[in-house]
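Colleague: I would like to learn how to read a structure like this one. Could you walk me through a few features?

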Amino acid sequence: MKIWLITAQSALANLKNDIKAGRVPMRGVNLGGWLVGEYWMTSASPAWNGVPTDIANHGEFKTMQYLGHNKGDNQFKQHRDTFITEQDFREIAAAKMNTVRIPVGYWITGFDNQPGGDPDGWKVYAPGGINYLDRAIREWAPRHNLLVLISLHAAKGSQNGNDHSSPSDPGNSHWSAYPENVRNTLDAVEWLARRYNNDEAFLGIGLINEPTRTTNEGVLKQFYYDAYGRIRQFSDCLLTVAPLLYQQGPYDSDWARFMPSPQFHGVRHEWHRYQIWGYEGWSKDRLISYAQNELKTDMLNWKGNWLFIGEWSIASSASFNDDDLRLYARAQIDAFKGATGGWTYWTWKFYNDDGSRNAWSMRAMVNRGLIQL
C-alpha cells in the first residue's frame with residue numbers, strides 16, 4: 001500500500017508564481033518616505049525635528065549630516081517605528097492589494113566595499129534600516145498574504161539628484177560617471193537578493209529608480225546586464241529595469257528590444273506614468289481623456305518585456321470633485337490593464353493624513369471610495 005504525501009504550496013507562494021508567470025498582475029502600493037526619507041510627504045515626522053526646510057528638502061543624507069548621529073539616529077528610529085507598522089500591511093491587504101514596493105537606499109546594506117568617491121558616505125545615515133525591511137518581508141507581509149518588491153531608490157552617487165535619491169550633492173547626479181558607484185549598486189542589489197531569496201514574501205528587486213537624462217544610457221544598460229548576471233546565479237526573483245526618466249513611451253530609444261525573452265527571464269520594464277509634471281494647467285476633462293486614450297494606447301503599443309507601472313497617482317494640479325476623481329482613477333487603472341506586470345501606486349500614505357483628501361495618499365483615496373479595486 002502506497003501512501004502519497006502531498007505538500008500544498010501556500011497561497012503566497014502560488015501568488016508569487018502567478019505574478020512571475022504573468023497570470024496575475026501586481027496590484028499594489030509604494031511605502032514611500034519610510035526607509036528613504038522624503039520631507040514633502042512626512043514633514044510632521046520626528047525625523048525632521050530641528051531641521052531647516054531647505055536642508056530637509058534635499059533628503060536624508062543632508063539631513064543626517066546636519067543632525068549628526070547623536071540626534072538623527074533617534075529621530076529616524078522614531079520615524080521608522082511609527083510611520084509604517086503592521087497595521088498598514090493589514091489595511092493594504094484589506095484593500096485587495098497583493099504587493100508592496102519598498103524604496104531603500106544603498107546604505108541599508110551597512111557596507112561599501114568600493115573604494116573611490118566617498119566610501120564612508122553610507123556611515124552618515126541612521127543605522128538599522130535593514131531591521132525594518134526584515135520585519136516587512138519576514139513577518140508583516142507573509143502574515144497578510146502580501147509580496148514585497150524592493151526598489152533601489154537611492155544609489156551611491158545619486159542617479160537623479162532628487163531628494164528621493166538622497167544626494168550628497170543636491171540637484172546633481174554622479175552615479176554613472178564613476179565606476180565605483182555602479183559597482184556599489186551591483187553589490188547592494190546582489191546582497192539584498194541573497195538576503196531574501198528564500199523568503200516566501202520576497203518577490204524581487206527594482207534595480208534602480210528613476211535614472212535621469214544625466215545618467216549615461218550605455219552605463220545604465222550594462223549595469224542591468226551585470227545585475228541580471230549576478231543575481232541569476234542563485235535566484236529567479238523578479239527584476240525590474242527602468243529606462244531614463246524621460247523615456248516613458250513605447251518608442252523611446254531601443255528599450256523594447258532590451259534584454260529580450262527567452263534569453264532573459266523574469267524581467268519587467270518599469271514605467272512611472274505620472275500625469276503631473278508637464279501637465280500643469282490641464283483641466284480634469286483633458287486629464288481623464290488622456291488616461292482613456294493616449295495612456296491606454298501607449299500600454300498597448302509597447303512590444304518589449306512585460307510592463308510594470310512602478311509609480312502612478314491621481315494627484316494633479318486640476319480641480320476634481322469626488323465623482324470625477326473616481327472616474328480618473330478608473331481610467332488609469334483600465335489603461336494599466338495593458339501592463340501585464342501590473343502597478344504600484346505612489347504612495348500609501350502621508351504623515352498624519354487621516355481623513356484627508358490628499359490624492360497622493362492611496363489610503364485616503366481608498367477610504368473615501370475614490371480608488372476601487
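Modeller: Happy to; we will take helix packing, then empty space, then the backbone. Please keep in mind that this is a predicted model.

Colleague: Let's start with helices. How do the axes of helix α4 and helix α5 cross?

Modeller: In general, two packed helices are described by the angle between their axes and by the distance between those axes. Here, helix α4 (residues 60–67) and helix α5 (residues 69–83) have axes that come within 7 Å and cross at roughly 135°. The two helices α4 and α5 are therefore oblique to each other.

Colleague: Which residues of α4 and α5 meet?

Modeller: From α4, Glu-60, Thr-63, Met-64 and Leu-67 take part. Their partners in α5 are His-69, Lys-71, Gly-72, Asp-73, Gln-75, Phe-76 and Arg-80. Sorted by class, this contact of α4 with α5 has three nonpolar, four polar and four charged residues.

Colleague: Now to empty space. How much space lies in the largest pocket?

Modeller: The idea is that rolling a probe the size of a water molecule over the atoms shows where empty space is left. In this model the largest pocket holds about 480 Å³ of space. Its lining consists of 17 residues, and His-164, Glu-210, Leu-245, Tyr-274 and Trp-277 are the ones nearest the centre of the pocket. The lining of the largest pocket divides into seven nonpolar, six polar and four charged residues.

Colleague: And how many cavities of 30 Å³ or more are there?

Modeller: The count is one cavity of 30 Å³ or more. The largest cavity has about 30 Å³ of space, and Glu-210, Ala-242, Pro-243, Leu-245, Gln-248, Glu-270 and His-272 line it. By class, the lining of this largest cavity has three nonpolar, two polar and two charged residues. Notice that Glu-210 and Leu-245 appear in the lining of the largest pocket and in that of the largest cavity.

Colleague: Last, the backbone. Where are the cis peptide bonds of Pro-262 and Thr-347?

Modeller: As background, most peptide bonds are trans, and most residues other than glycine have a negative phi. A cis bond joins Ser-261 and Pro-262, with omega about 5°; Pro-262 sits in the loop between β5 (238–241) and β6 (267–272). Another cis bond, also with omega about 5°, joins Trp-346 and Thr-347, and Thr-347 is in the loop between β8 (342–345) and α12 (362–367).

Colleague: What is the phi of Asn-145?

Modeller: Phi of Asn-145 is near 55°, a positive value in a residue other than glycine. You will find Asn-145 in the loop between α7 (129–143) and β3 (147–154).

Note on methods: Residues numbered from 1 in each chain as written. Predicted model: local features only at pLDDT ≥ 70, side-chain atom pairs only at ≥ 80, totals over all residues. Heavy atoms only, no water. Axes fitted to C-alpha atoms, helices over the stretch in contact; angles between N-to-C directions. Helix = DSSP H or I, 4+ residues; strand = E, 2+ residues; numbered from the N terminus. Parallel < 35°, antiparallel > 145°, perpendicular 65-115°, else oblique. Contact = heavy atoms within 4.5 Å. Nonpolar A, V, L, I, M, F, W, Y, C, P; charged D, E, K, R; others polar. 1 Å grid on protein atoms, 1.4 Å probe; cavity = no way out; pocket = protein on both sides within 12 Å on 5 of 7 lines; lining within 4 Å. Points joined across faces, edges and corners; volume = space filled by probe spheres on them.
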